[in-house]
Amino acid sequence: MSSLPVRLIEPVIDERIFVTQPHLAPLAEFLPYLEKIWNSKVLTNGGPFHQQLEKALCDYLGIDHLALFANGTLALVTALQAHRVTGEVITTPYSFVATAHSLLWNGIKPVFVDIDPDTLNLDPAKIEAAITPHTTAIMPVHCYGRPCDVEAIQKIADNYNLKVIYDAAHAFGVKTRGASVLRHGDLSVLSFHATKVFNTFEGGAIVCPDAKTKQRIDHLKNFGFVDETTVVAPGINGKMSEINAAFGLLQLKHIDEALERRRQIDAKYRGMLADVKGVRCLPEPGSADEYVANHSYFPILVTDEYPVGRDALFQHLRDHDIYARRYFYPLISEFPMYRGLPSAHGANLPVAADAARRVLCLPIYPALENHDMERIVGLIAAPQR
Ligand code: T4K
């Protein structure tokens, strides 16, 4: 009898190259996990896979406590509730809309502050001017997984007695000075969405510094239940299911090879784009011995020296089946539910507006082939062809 694995799915032939593609462990490896779930009949509510994944992620990421969630957005909403954040929160307009939406879901007023032109993260030098008597917290984003200036932000937070809740949706596995970037601030929130470096189909987590905070978060993500008859808060249902948690355990076995391939792709893009006039890559945030990147995105900035505008390049790539994305355009502050805020005014956010006008995220994912990258860079180098 043949020992070859059963062909479980037929490959889909699609020539299009998207900004990302999920890295999936082999399907056959997932089947034993599913059998266990089918046998135990434990589908959710903090089952064995949920517990194992929390522990495995703490070990992998080098952190002490983590609470799994059904997605990153519910985790952001809950993180704010965990610290009873109210009033005004300082945040960046240059992010995915979920960052600011998590504030609105809590009845909190977002106050947008401009970003730094090199990191594209919240500019600490501009935070103090935005603080009012109503400010209770700062919600920065490690955009593209590139670390914020965590020390400067913490200093301001300490001076003004503010909480710091990092939207670390892009920052899985990122290290600064030899340790996880997720250890900074009061809480950090991860996303394990299909488009992220580490995915559980949908999923997310809150990284927290102590067991007491984790316990409060665990209550909040389970309707506020403490035990069968006690509800301590108007919590939500934010729990990750056993299928997602089991899949996460399997994905974790393959994460190092995925990160290594991303590193190679990033380096190859940088090398190939170095000679393309009018295209700027973001600088690496630190030397290899003090900074571990995850290469979750590959943003380029289209400068005035480039022969056509960013949108023309975006369309040119689409015309050739390359689906690069303009993350993050439009700015969050330009969406209808935010644009009436005084801090959303364009004059307050010139650096973010400029980045949103120039940015294009090129495809980056472990299965991306070298010849695909060569074709993409060839198209960028000759935008009129
Ligand atoms: N904070 C930040 C800073 C975030 O970036 C995000 C999510 C969040 C918070 C919230 O976390 P979650 O609640 O999502 O866990 C995508 C994602 O949907 C979103 O998760 C992500 N940020 C954002 C940056 O990107 P779209 O609208 O661009 O996704 P979509 O569906 O157009 O996907 C992009 C490409 O990925 C597709 O063209 C093909 C590929 N893809 C996508 C999916 C969903 C696949 O190959 N398979 C898939 O299943 O928002």
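**Exercise 1.** Which residue in β14 is the bridge partner of threonine 176? Place the pair in its sheet.

Solution. The model is a predicted one.
- Step 1: threonine 176 has tyrosine 291 in β14 as its bridge partner.
- Step 2: β7 spans residues 175–176, and its pairing with β14 is antiparallel, over 2 bridges.
- Step 3: the open sheet consists of 3 strands in the order β8-β7-β14, with antiparallel pairing.
- Step 4: β8 (179–180) and β14 (291–292) are the edge strands, each pairing on one side only.

**Exercise 2.** Decide whether lysine 196 is buried or exposed, and describe its surroundings.

Solution.
- Step 1: the loop between β9 (187–191) and β10 (204–208) holds lysine 196.
- Step 2: lysine 196 has 23 C-beta neighbours inside 10 Å, so it counts as buried; the cut-off for buried is 20 or more.
- Step 3: apart from neighbours within four places in sequence, the contacts of lysine 196 are Phe172, Ser191 and Ser296.
- Step 4: in the UniProt record, an unreviewed entry, Lys196 carries the annotation "active site".

**Exercise 3.** Characterise the shell around the ligand by residues, elements and domains.

Solution.
- Step 1: the ligand is surrounded by 24 residues, the closest being Gly72, Thr73, Phe96, Ala169 and Ser191.
- Step 2: α3 (72–82) and α4 (98–104) are the elements that give two or more residues to this shell.
- Step 3: by type, the shell has 10 nonpolar, 12 polar and 2 charged residues.
- Step 4: domain 1 (27–249) and domain 2 (255–381) each supply at least three residues of the shell.
- Step 5: Ser191, one of the closest residues to the ligand, is also in contact with lysine 196.

Conventions. Residues numbered from 1 in each chain as written. Predicted model: local features only at pLDDT ≥ 70, side-chain atom pairs only at ≥ 80, totals over all residues. Near = placed C-beta within 6 Å. Helix = DSSP H or I, 4+ residues; strand = E, 2+ residues; numbered from the N terminus. Nonpolar A, V, L, I, M, F, W, Y, C, P; charged D, E, K, R; others polar. Domains from an automatic or database assignment. UniProt positions renumbered as here; feature names shortened; annotations may be inferred. Buried ≥ 20, exposed ≤ 12 C-beta atoms within 10 Å, placed from the backbone. Contact = placed C-beta atoms within 7 Å. Pairing = 2+ DSSP bridges.
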